[in-house]
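Reader: I'm new to this and keep meeting words like "buried" and "salt bridge". Could you walk me through how they get applied here?

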Amino acid sequence: MIKIGICGAGGRMGRAILESIKEKSDKFECVAKLTREHTESDLAEFCQKSEVIIDFSSPDSLKNLTKFASEFKKPLLVGT
């Protein structure tokens, strides 16, 4: 099972991705979600839990997210 973290989980695409993950629950699991309000500590925990990160947040959030994803060596799919 692939453990997925979704940044921007509260948005339209984030919710659509969550639904897709639920439909394929035998292969994927959403283990972490981030919405608009988060700290660097939240980002670190989010990245540690996730095997793969999907981002549909905002350009403002992307800089810190890429920093943490790189630090924790996590694949990052960006749709922002």
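Author: Sure! Helices here are DSSP runs of H or I, at least four residues long, numbered from the N terminus. Lys49 and Glu45 both sit in helix H2, four residues apart, which is about one turn of the helix. Keep in mind that this is a predicted model.

Reader: Why is the pairing of Lys49 with Glu45 called a salt bridge?

Author: The rule asks for a side-chain nitrogen of Lys or Arg within 4 Å of a carboxyl oxygen of Asp or Glu. For Lys49 and Glu45, the closest N and O atoms are 3.2 Å apart, so the pair passes the rule.

Reader: What makes Lys22 and Glu19 a salt bridge?

Author: Their closest N and O atoms are 3.7 Å apart, and the cut-off is 4 Å, so this pair counts too. Both residues lie in helix H1, three residues apart. By this rule the count comes to two salt bridges.

Reader: How do you know that Lys22 is exposed or buried?

Author: Exposed means over 50% relative accessible area. Lys22 has 56%, so Lys22 is exposed. Glu19, at 42%, is partly exposed, and so is Lys49, at 43%.

Reader: Which residues of H2 are buried, and why do they line one face?

Author: Leu43, Ala44, Phe46 and Cys47 are the buried ones. Looking down the axis of H2, they fall within an arc of 165 degrees, so they line one face of the helix. On the other side, Ser41 and Gln48 are exposed.

Reader: What do the buried residues of H2 pack against?

Author: They pack against strands E1, E2 and E3, plus helix H3.

Technical notes:
Residues are numbered from 1 along each chain as its sequence is written. This is a predicted model: local features need pLDDT of at least 70, side-chain atom pairs count only at pLDDT 80 or more; totals for chains, interfaces and linings use all residues. Side-chain values use heavy atoms; hydrogens and water are left out. Buried means under 20% relative accessible area, exposed over 50%, partly exposed in between (1.4 Å probe, protein chains only). Helices (H or I, at least four residues) and strands (E, at least two) are DSSP runs, numbered from the N terminus. The arc is that of the directions from the helix axis to the C-beta atoms. Contact means heavy atoms within 4.5 Å.
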